Amino acid sequence: MGAFKFMSILYLSATLLLIIFGSFFCCADKNMNCGQQCPKSDSFTAENDFKANLKNLLDSLVKNGPLFKGFYSTSIGESSDQIFGLVQCRGDISTINCGSCIKNSSAFALSKCPESKDVIIWFTWCFLRYSTDNFVGILGQTSVAIVNDTNYDDPSLVSNGLSLMRGLVSSAPNQNLMFQTNVLDGGLRGKRYGMAQCTRDISRSDCAQCLNSQLDAFRTTIGSKKDWEIYGFNCFMWYHDHQFYFNVSTSEGGRWGGRIIGISLALLMMLLIIL
């Protein structure tokens with residue numbers, strides 16, 4: 001695999017967010033770090049209160065994330081030392097793997113983002129975010145699309161593949177976990193597997209808006225590919241020519257059973273392509 005190439009960067013917000021993604025295509029059936037956002041804080045100091053609150057926050061997320069069907073949000077501290085945090089595991093991931101992923105992402109955050117108070121970590125199996133600003137429940141329409149530049153799909157399946165994902169965009173927000181998978185049977189051309197998920201702190205309508213924005217913004221680029229993934233602040237989509245997810249009951253909305261990139265004035269769009 002070659003290194004990523006930045007094809008386009010569009011940002012209309014006051015501050016450019018730095019998102020770093022690895023020099024490999026994230027294999028959705030394997031747990032690995034895909035990227036992180038952790039700008040160095042101008043006001044960061046190694047004050048004991050913040051460090052202690054951050055440790056308590058991460059410990060709470062690691063402990064409670066797997067216990068609450070793969071999603072948990074909380075805050076620790078008061079006033080300027082308060083930290084808000086959220087974790088979410090993919091709906092097809094087991095409780096054990098969920099806990100392991102959250103633990104790994106927390107350790108990764110402390111290692112790679114030691115001087116940041118606004119951290120986002122994307123692993124293929126889980127998502128971690130914490131900040132001194134309260135982001136919980138607020139839709140953030142920033143996303144990164146990753147595609148393989150050489151892995152073109154059969155032209156006869158392109159339209160059906162997009163229809164498959166459009167169906168998930170419509171149905172996932174209405175599932176208990178705002179998570180769903182589906183399969184396209186292409187006959188001799190093989191099957192295509194899709195998955196969509198939103199973080200469960202946002203409303204169902206925001207979930208639908210988030211997924212729709214992702215698919216609309218990247219449709220031209222992802223539409224002809226067999227493999228692509230989109231990682232955002234509040235929603236995620238995956239599409240591959242092999243079954244990358246674990247067996248789930250989509251009628252239950254996930255393994256747990258049970259709950260952008262649109263063009264806007266607060267948008268950063270970064271398209272990464274593997275050469």
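**Asp201 and the disulfides**

In this predicted model, the side chain of Asp201 makes a polar contact with the side chain of Thr199, at 2.7 Å. That same side chain, belonging to Asp201, also reaches over to the backbone nitrogen of Gly137, again at 2.7 Å. As for where to look, Asp201 is found in the loop between strand β10 (191–198) and helix α4 (204–222).

What about charge? Asp201 is buried, yet it has no salt bridge. The nearest side chain of opposite charge belongs to Arg129, and it is 6.7 Å away. A salt bridge would need the charged atoms to be within 4 Å, so Arg129 does not make one with Asp201. Setting aside the neighbours within four places in sequence, Asp201 is in contact with Phe71, Leu86, Phe135, Val136, Gly137, Ile138 and Asn234. Gly137, then, turns up both in this list of contacts and as the residue whose backbone nitrogen the Asp201 side chain reaches.

Now for the disulfides. The structure holds 5 of them, and three are described here, including the one formed by Cys38 and Cys113, with sulfur atoms 2.3 Å apart. Cys38 sits in the loop between β3 (33–37) and α1 (48–64), while Cys113 sits in the loop between α2 (95–112) and β6 (118–123), so this pair ties together parts of the chain that are 75 residues apart in sequence. The link of Cys38 and Cys113 is left-handed, with -65° about the S-S bond. Cys113 is buried, with a relative accessible area of 4%.

Another disulfide joins Cys89 and Cys98, and here the sulfur atoms are 2.1 Å apart. The torsion about the S-S bond of Cys89 and Cys98 is about 85°, so this disulfide is right-handed. Both ends are tucked away: Cys89 is buried at a relative accessible area of 1%, and Cys98 counts as buried at 0%.

Then there is the pair Cys210 and Cys235, whose sulfur atoms are 2.0 Å apart. With -80° about the S-S bond, the link of Cys210 and Cys235 is left-handed. This pair connects distant parts of the chain, with Cys210 in helix α4 and Cys235 in strand β12 (residues 235–240), 25 residues apart. Helix α4 is also the helix that comes after the loop holding Asp201. Cys210 counts as buried at 1% relative accessibility, and Cys235 counts as buried at 0%.

Notes
Residues numbered from 1 in each chain as written. Predicted model: local features only at pLDDT ≥ 70, side-chain atom pairs only at ≥ 80, totals over all residues. Heavy atoms only, no water. Helix = DSSP H or I, 4+ residues; strand = E, 2+ residues; numbered from the N terminus. Buried < 20%, exposed > 50% of the residue type's maximum accessible area, 1.4 Å probe, protein only. Lys, Arg positive; Asp, Glu negative; His and termini not counted. Polar contact = N/O pair within 3.5 Å; in protein donor to acceptor, adjacent residues only side chain to side chain. Contact = heavy atoms within 4.5 Å. Disulfide = S-S within 2.5 Å.
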